[in-house]
Amino acid sequence: MEEKLPEAEAPQRRDAGRVLLYGEFAAAAGAKVRFAVSLTDTELAVQRVTAASASRTRVVHYLMDCVGCRAFRAEEDADPGAYFSAYFYPFRRRWMSSTGGRQRLELRFRVAAATAARDPQGNLREAERWALAIREGSARHRPHREGVVYGEVRRPCRLMLLVNPHSGRGQALCLFTSHIQHMLTEAGVTHTLIVTERQNHARELVREADLSQWDALVIISGDGLLFEVVNGLMERDDWEEAIQTPLGILPGGSGNALAASIHHYTGSPPGSSEDLLVSCGFLLCKGLVSRLDLVSVSLASGLRLFSFLSLAWGFVADVDIESEKYRYVGAARFTVGTLVRLASLRVYRGRLAYLPAEEPPPRCGASPQGHAPGFCSSLFCQKKASADQGAAHTFRNSCNSNNATKASRSEAPPAASGGPADSLLVPLEQPVPSHWTVVKEEDFVLVLAMYQSHLAEDLLAAPGASLEDGVMHLFYVKAGISRAALLRLFLAMEKGVHLAAGCPDLVYVKVLALRLEPLTPKGVITVDGEVVEYGPVQAQVHSGLARLIAG
Ligand SMILES: Nc1ncnc2c1ncn2[C@@H]1O[C@H](COP(=O)(O)OP(=O)(O)OP(=O)(O)O)[C@@H](O)[C@H]1O
């Protein structure tokens, strides 16, 4: 962020702290104009050196916005000067608009001290002194949120950067070279680029990789490639350590839900897809690491997946998959898909039950309004008697300690199949525990569990979500909603105000675990936007199990 101050010749400012370095430099060899440059703990201030006070405007660049600085010799051998270039990405609002994005700004100064004009090595040493001080300052100041505990990517760092060349409109590689590559160079981040050759290539790579060689695993693609990476890590024998590897995401798909969520959490207003890419690239260069909730998803076949974004059935899952054919229009594919599916709105039959995160578990037989008692005469109850003992026992053990807060990661015994045990779940063939809430309705238009804020770049589905809140944000829309009302909901979701729309058919609840049992014979269930086998499915949150580069 730039701040123009009217008068500030003195190299001392109360609010910015002590001046660490001060110098007067030109921008290039032979340039007449000189600049007074001062570095404090938080900012680099630049002021033109001139006799006329009117042109002495002082411009402040915050180290918070700086990704790196480098020193180098002049290109011409005859020039004894050296240079330092600092790279800033301040946020700029668009003219007459509430949107904006980070924009690149390079500040370059030529060091050629009068006394050492013929001392190229001395000039370079001075330029390096400035570059090091600016780099250290920018590493100390990074965009962060109050109350979040951060780690950081080790420096100097080596990234494994996985690109899906087919994601989105097939431009991920191009987006990397045009927007990200130079940022990484500016930030001194070394990386190895791997272009995926097929589905599951990334999954296999990270499953077999020597992770000690990498400080972070970053994808430039849609959410599907990160889904592969997360599951590849969780399939390893050393999953507990492997999943601690910082993950990063650069939006190259058409949905880019996690990238949009990360951007949203920084408090910046939404911008274009390009703004989102630069914002995520900036956060990657800054290298702060937050914890990220993962949800374990168990399917009827016994397969267990780990998900970081969403579980969807009905309208949302259908739109996601059916709109694949409109991928050439980019993010607008969801809008087109929504309109097409609205025209032939479907009702999906099934049973839904969940363990609420906030309310105390309902007593047996006590039914919250609109819900059946904990155990109902549904398919969930086929083996009520036997489950009552085993399941309730299993559940009580975990429930006492964490029902009101977060699903426990550390207290559960390790599961035989790798990954943490699902202490809140009972086998799918058994009824859900008695104090779960079983939804009375069985006809739905959609069921959607979100663990991050965005369903797509422009769909703020769960405004209250955060990276590590330890809950799933469960939405379901009951059958009977009109097309117009559903359209209104999706339009309101663009601004994240759908929950305030007073739609009687929309239900929202925070849950720790859920079970969905589709009765409609054919349909689509997606996990993080990827199709999984259709049938009964259940899920539990594991709070903060993974680590993600975010601000
Ligand atoms: N080289 C490849 N060829 C074919 N499929 C790939 C390749 N690399 C990855 N995939 C698969 O492509 C699918 C889609 O990937 P991804 O989600 O990253 O992109 P996208 O679908 O375009 O993004 P979005 O979900 O945002 O629309 C995933 O299932 C992924 O496993």
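User: Happy to dig into this one with you! Which strands are included in what covers the buried residues of α1?

Analyst: Glad to help, and please keep in mind that this is a predicted model. Helix α1 runs over residues 120-140, and its buried residues are Asn123, Leu124, Glu126, Ala127, Trp130, Ala131, Ile134, Arg135, Gly137 and Ser138. The cover over these buried residues includes β2 (19-26), β3 (34-40), β4 (43-49), β6, β7 (82-88) and β10 (105-111).

User: How far does α1 reach from its first C-alpha to its last?

Analyst: Helix α1 has 21 residues, and at 1.5 Å a residue the expected reach is 30 Å. The reach in the model, from first C-alpha to last, is close to that expectation, at 30 Å.

User: Let's zoom out for a moment. How many helices and strands does the protein chain have?

Analyst: The chain has 551 residues, of which 46% count as buried. Among its contacts with a separation of 6 or more, 74% are between residues 24 or more positions apart. Its secondary structure comes to 11 helices and 27 strands.

User: Which element gives the most to the side of domain 1 that touches domain 2?

Analyst: The domain assignment gives domain 1 (2-140), domain 2 (151-299) and domain 3 (321-520). In the contact between the first two of these, 10 residues of domain 1 meet 15 residues of domain 2. On the domain 1 side, β6 (66-73) and β9 (100-102) each supply at least two residues. With three residues, the element that gives the most is β9.

User: How does that side of domain 1 divide by class, into nonpolar, polar and charged residues?

Analyst: The C-alpha centres of domain 1 and domain 2 lie 32 Å apart, and 10 residues of domain 1 are in contact with domain 2. By class, the domain 1 side of this contact has four nonpolar, five polar and one charged residues.

User: Now to the ligand. Which helix provides the largest share of the shell around it?

Analyst: The ligand is surrounded by 22 residues, the closest being Ser167, Gly222, Gly224, Gly253 and Gly255. Sorted by class, the shell has two nonpolar, 15 polar and five charged residues. Its largest share is four residues, and they come from helix α4 (residues 223-234).

User: Why is α4 described as largely enclosed by the rest of the structure?

Analyst: The buried residues of α4 are Asp223, Leu225, Leu226, Phe227, Glu228, Val229, Val230, Asn231, Gly232, Leu233 and Met234. The helix is largely enclosed because the count of buried residues is 11 of the 12.

User: How far apart are the end C-alpha atoms of α4?

Analyst: At 1.5 Å a residue, the 12 residues of α4 should span 16 Å. The model agrees with that expectation, with the end C-alpha atoms of α4 apart by 17 Å.

User: Which residues does UniProt list for "domain: DAGKc"?

Analyst: The listing comes from an unreviewed UniProt entry. In the model, the listed span is 42% helix and 24% strand, and its end C-alpha atoms lie 40 Å apart. The residues listed by UniProt are 154-301.

User: Which peptide bond is cis, with omega near -10 degrees?

Analyst: The proline involved, Pro156, lies in the loop between β11 (151-152) and β12 (158-163). The cis bond with omega near -10 degrees runs from Arg155 to Pro156.

User: Is Asn200 buried or exposed?

Analyst: Asn200 sits in the loop between β13 (190-195) and α3 (201-208). Its phi is positive, near 70 degrees, in a residue other than glycine. Asn200 has 12 C-beta neighbours inside 10 Å, and 12 or fewer is the cut-off, so Asn200 counts as exposed.

User: And Asp528, is it buried or exposed?

Analyst: Asp528 is in the loop between β25 and β26 (530-532). Although it is not a glycine, Asp528 has a positive phi of about 55 degrees. With 27 other C-beta atoms within 10 Å, Asp528 is buried.

User: One last request: which residues does Thr526 touch, not counting those up to four places away in sequence?

Analyst: Thr526 is part of strand β25 (residues 525-527). It counts as buried because 21 C-beta neighbours lie inside 10 Å. Leaving out residues up to four places away in sequence, Thr526 touches Ala312, Ala317, Asp320, Ile321, Val531 and Val532.

Terms used: Residues are numbered from 1 along each chain as its sequence is written. This is a predicted model: local features need pLDDT of at least 70, side-chain atom pairs count only at pLDDT 80 or more; totals for chains, interfaces and linings use all residues. A residue is near a molecule or strand if its C-beta atom, placed from the backbone, lies within 6 Å of it. Ala, Val, Leu, Ile, Met, Phe, Trp, Tyr, Cys and Pro count as nonpolar, Asp, Glu, Lys and Arg as charged, and the others, Gly among them, as polar. UniProt positions are given in the numbering used here, feature names are shortened, and annotations may be inferred rather than shown by experiment. The expected span of a helix is 1.5 Å times one less than its number of residues. A residue is buried if 20 or more other C-beta atoms lie within 10 Å of its own, exposed if 12 or fewer, and partly exposed in between; C-beta atoms are placed from the backbone. Two residues are in contact if their C-beta atoms, placed from the backbone, lie within 7 Å. Domain bounds come from an automatic or database domain assignment.
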